[in-house]
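Me: I have a protein model open and would like to learn to read it. Can you take me through its features one by one?

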Amino acid sequence: MQLAGILSSLLLATQALAIVRRGAPADAPTALKCAFVIDFEQGADGHAILAKHLAGKGLQWSERTSVNNKYANFVSVQLVGDCQDAATIFQGLSKATSFAAVTSRPGPKPMKSENGVPHSDELYHSITGVNDARNKLGLTGKGITVAVIDTGVYYLHPALGGGIGKGFKVIGGYDLVGDAYSIGDQTITPDDDPIDNCSDDSHGTHVAGIVAGDARDIKVDGFVPAMPFTGVAYEANILAYRVFGCPADSTASDVMAAAIYRAANDGADVINLSIGGGPDYPDEVDTIAAEVVGKAGHFVLASAGNSGAKGIQVTGNPSNSNGGFSVASFDNTVTPLPYSLIDDQPYFYGLGGNNGSFVEGESLDIVVNDITADDNNIQNDGATNINPAAKGKALLLRWGSTTEGGSSKRCGYALAAGATRCILYGNTEELVGIAGNAGLPSMFLSREGGLALIAKVKAGGKPTFTFTSKQKPFNIPTAGTISDFSSPGLSLDLEIKPDFGGLGGQVYSTISVHAAQHQNFPLPYGSYSGTSMASPYSAGITALLLQQRKSEKPSFQELRAYLQNTASPRPIYNTESANSVAYQGAGLLNAYYAAAAETLVMPSAIALKDTDNFVSSVVLTIHNNGKEDLTYRLRSFSAVTVNAYAAGDDFTLDATTTTFTDDQQATVQFSAKSVSIGKGQSAQVTVQFIAPEALTPYPIYSGYLQIAPSNEENAIHVPFAGVVGSYKNKAIWSRKSPSLAERWGSQYGLTEQNVATGLYADLDFNPLSEGAVINATIGAGVMAVASSTSRGGFIEILPVVPLSTEKRSNDLEAAGFNTSAPIYARLTDLVSEGNPSSPGVFVPMQRHSYAGEAPAAPPTIWAFAGVAYDANGNPALLPSGTYKMKFSAVRNFASASSTKDEDFDIIMSPTFRLVGGVVPPVASSSASTASATATSATGSAATSVPTGSSAATGSVAPTGSVAPTGNSAASSAVPSASGSAAASTSVPVVVASPTYAAPAPATPSNLYKAGAVSAFGSVFVALAGAALMF
């Protein structure tokens, strides 16, 4: 793949042209090949203009989707052929205002799915004020229309009305993509029927049921729930928009934008998108669409994301929209769980993932492995001792430290001892999910159940244990606190995201018949978890609020204030400390308080930004919309401070290492501690903020202003949050991270010194010293590690030209390179499957994490073999000579189009001399694991030598010469997910790493260096013996 698309898109972003590029460039990792959205002026005939313009360019095209209504006028196109030079293609397009590459969006996946008995409305809806809104205000959502943009809706479900159109709950909708649309086949075939009875999770049907399902009084066979339940706004109307095909694995930004504009035009009051994942900037077409319609009175709610394990600042699009609401997830009050009977009493359990083949109704003969294990707080019960009486019985073991042996290991010992069942009971009240052992059925039993068995045995009795798969409500101990999967903010620009939260942990709702069959559920209902559930729950609350206040026609800011003012800031589980605003926004929504509120305070959230941009004072406007004069008392309280960076470590910590402390809190002062306001009047109060002193790098501090009325109405809360430190000067590239070396680098034999961003001397990741030689035949290691997300990261090759000669520039120009433009390095990914090669360009650049998948994937290990991208965007060998490698990343708050060095985090390598040489022999056994990883990277490379090039004659590689098929940038110019992120700290430095001890040659991970070296030899040969002149 050529680099021209990136270069032209970046160039366009820096030019003052009539048509503006928005969002990601055409070669971004998530960009769909040759797909673009073009915005036109209102009233313009975009189809006709495009047809004429593209015909003049000699290009074939087809329409993906389009919108032409009062909110937007755009056409999304699929180009045929060479489409990389997008800037040139669309330049001069009549009446076009902007264009953007179409980017993909991953399919929705609930965190958990369980078949079970739902809980009553009283339990389910009391914590969020929904029951009070119904019982005291009569609110049911009647007259409000909620659009569900998702996988489609199985509207034949009786709990969703049983049909579509006038007189049904689902009043209409549209299928924007068709059944076959998927990540592998993005052919769009829209139709008028948004039904979904083919996706395996039935995500959209579950979402619709949370908003407006009504499972009471159902008489249809196969649909009668074990316990009746209702959605939040069960009399609201639903509009269904299908943006996923049956595989439900991918959609695209243009499709989502079209759905948003269509929903608004069709009259949706509330629009829900349980889609997305971050970290992202709010400049994609779907995010802009959410802002446009949101500020026009069609309020958009979107899930914040399920990346809580990755640490701070991972809220995604479209929830990051400046005109939409980002919704966090709070754990539900109860959830259905299975139970078994011990002496006829029910006790909860969970089955092992590797083998849960217990038989309904079977009686287990229990043997307690160590009857004193709980009394003595034994942490390794069964890891070192197995009761010989276990043979042929169900062995009961006490859970403990996993470092002393996890469930697979301990149940494996039980299997070896002849046990037929393995039961681990809790050492705490937590119900732990276990893998168990594939060799025998395994179970995690509640602590209460385990102690009941032990008590019977201690008393000299023989307990009875009967397995059942029946379920009953389980009171969740973490109810009303932030779900551990919920993506925290702040936004990448330090705005307050998420805005607020709803119930998303274990929510029971409707699914399709197909999904129930696929998941082996007896009925088309299930409990799912995710911010995908919290968003429709909050959309339902918004519908209740609008039912109460629709005649007021609240603006976006007013609606936001009603929701945020009356939300409940919640504590961290098992503490009295309020959780950070970065995690919960304004808190858990309360439908009754929002609908009944007679006081409105704006702004409803305060972003204090960082030290450089500190907002030291804010004027609050308090509106008394009630029928009596009121006096308001003002105070504040702090939330916990989030410490996401450790001293001496610039990598962003994840959920396991981020700390929350009650220090580093802001000082808040009011111009008046109380204020009296007449009915129907308003008053202003100035609030002064003093930021705390930082005890850790870049702490996020936050808290809440509290405005309490004299009529004892619910107190109003206004969240605030900020960061201590110069956020712009915070490094993007990581330079020092002991934690990354330990938790990620160690698997590759890397140490703290060589996980730092920079160019290394070789594939052993030895330090590169000033003036050192890099042999392109062998290759050199490159690390590009991002601690923070950036609008762009770039790795360039800079020729070092002596003052006395211009020979280096002449050599480069002769080799086909443009020395007046950036020359981007070509890098080979030594970790990802297939070892793709790609340009050192990451736009945008998501930050890395220690483990897991995208978003915020781990780093990768790159190799540089003396190849860069020439003036035509093709990979070509660099002439031998002296160079530097430059790493630059757009700083926080800076523009990607800036030309100022101060707006970039820059690392410059030492000067090195690039040469070619003889292909070396197979690597010695002293090779490091990191260099070994490179082995398999390119070992299968083909060897093809370009004609007409010879080192002997001194000729240079022809323009456009490429590396072997299967390992060239031509086959993969876009980094893999794990390689497309990178970011961290500041101050340009030379990155170098000392020699370190290599692992023993016997380790399996050491087997790949030989292949890597031979692969680079193949690359060298393929690019010609003439490629390097020395």
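Reply: Start with the inventory. The secondary structure of this protein comes to 20 helices and 47 strands. Keep in mind that the model is predicted.

Me: What share of the 1030 residues counts as buried?

Reply: Of the 1030 residues, 60% count as buried. The accessible surface is about 35,700 Å². Carbon and sulfur atoms hold 51% of that surface.

Me: What share of the contacts with a separation of 6 or more comes from residues 24 or more positions apart?

Reply: Such residues account for 78% of those contacts.

Me: Now the sheets. How do strands hold together in a sheet?

Reply: Strands of a sheet pair through backbone hydrogen bonds, and the pairing is either parallel or antiparallel. Here is a parallel case. Seven strands form an open sheet, in the order E8-E9-E7-E11-E12-E13-E22.

Me: Which strands are at the edges of that sheet?

Reply: They are E8 (170-175) and E22 (500-505). Each of these pairs on one side only. From one strand to the next, the twist averages 25 degrees.

Me: Can we zoom in on one pair of strands?

Reply: Take E12, residues 299-303, and E13, residues 324-331. They pair in the parallel sense over four bridges. Look for Ala 302: its bridge partner in E13 is Ser 326.

Me: Which helix lies across strands E7, E9 and E11?

Reply: That is H6, residues 203-212. The strands beneath your question are E7 (145-150), E9 (237-242) and E11 (270-273). H6 runs at about 160 degrees to E7.

Me: Where do I find an antiparallel sheet?

Reply: Go to the open sheet of four strands with the order E25-E27-E33-E31. Its pairing is antiparallel. The edge strands are E25 (599-602) and E31 (667-670), and each pairs on one side only. The twist averages 25 degrees from one strand to the next.

Me: How many bridges join E31 to E33?

Reply: Four bridges join E31 to E33, residues 682-690, and the two run antiparallel. For one bridge, find Phe 670: its partner in E33 is Val 687.

Me: How do I read the two sides of a strand?

Reply: In a regular strand the side chains alternate between the two faces of the sheet. Try E24, residues 525-528. Tyr 525 and Ser 527 are on one side, Gly 526 and Tyr 528 on the other.

Me: Are the faces of E24 covered or open?

Reply: Both faces are covered, and all four of those residues are buried. E24 also has a pairing to trace. Four bridges join E23 (residues 507-510) to E24, and the two run antiparallel. Ser 509 stands opposite Gly 526.

Me: Next, a helix. How do I read its sides?

Reply: An α-helix has 3.6 residues a turn, so residues three or four places apart point the same way. Now look at H7, residues 253-265. H7 is mostly covered: 11 of its 13 residues are buried. Among them are Ser 253, Asp 254, Met 256 and Tyr 261.

Me: Why should H7 span 18 Å?

Reply: At 1.5 Å a residue, the 13 residues of H7 should span 18 Å. The end C-alpha atoms are 18 Å apart, which agrees. After H7 comes Gly 267, with a positive phi near 95 degrees.

Me: What is a disulfide, and how many does a search find here?

Reply: A disulfide is a covalent bond between the sulfur atoms of two cysteines. A search of the whole structure finds two. One joins Cys 198 to Cys 246, with an S to S distance of 2.1 Å. The pair links distant parts of the chain, 48 residues apart. Cys 198 is in the loop between E8 and H6, and Cys 246 in the loop between E9 and E10 (250-252). The link of Cys 198 and Cys 246 is left-handed, with -85 degrees about the S-S bond.

Me: Why does Cys 246 count as buried?

Reply: Because its relative accessibility is 18%, and buried means under 20%.

Me: Which cysteines form the other disulfide, with sulfur atoms 2.1 Å apart?

Reply: Cys 411 and Cys 422. Their link is left-handed too, with -70 degrees about the S-S bond. Cys 411 lies in H9 (residues 407-416) and Cys 422 in E18 (residues 421-425), so the pair ties together parts 11 residues apart in sequence. Cys 411 is buried, with a relative accessible area of 0%. Cys 422 also counts as buried, at 0% relative accessibility.

Definitions and conventions. Residues numbered from 1 in each chain as written. Predicted model: local features only at pLDDT ≥ 70, side-chain atom pairs only at ≥ 80, totals over all residues. Heavy atoms only, no water. Expected span 1.5 Å × (residues − 1). Buried < 20%, exposed > 50% of the residue type's maximum accessible area, 1.4 Å probe, protein only. Pairing = 2+ DSSP bridges. Axes fitted to C-alpha atoms, helices over the stretch in contact; angles between N-to-C directions. Contact = heavy atoms within 4.5 Å. Disulfide = S-S within 2.5 Å. Areas by Shrake-Rupley, 256 points an atom, 1.4 Å probe, with all protein chains shown as cover.
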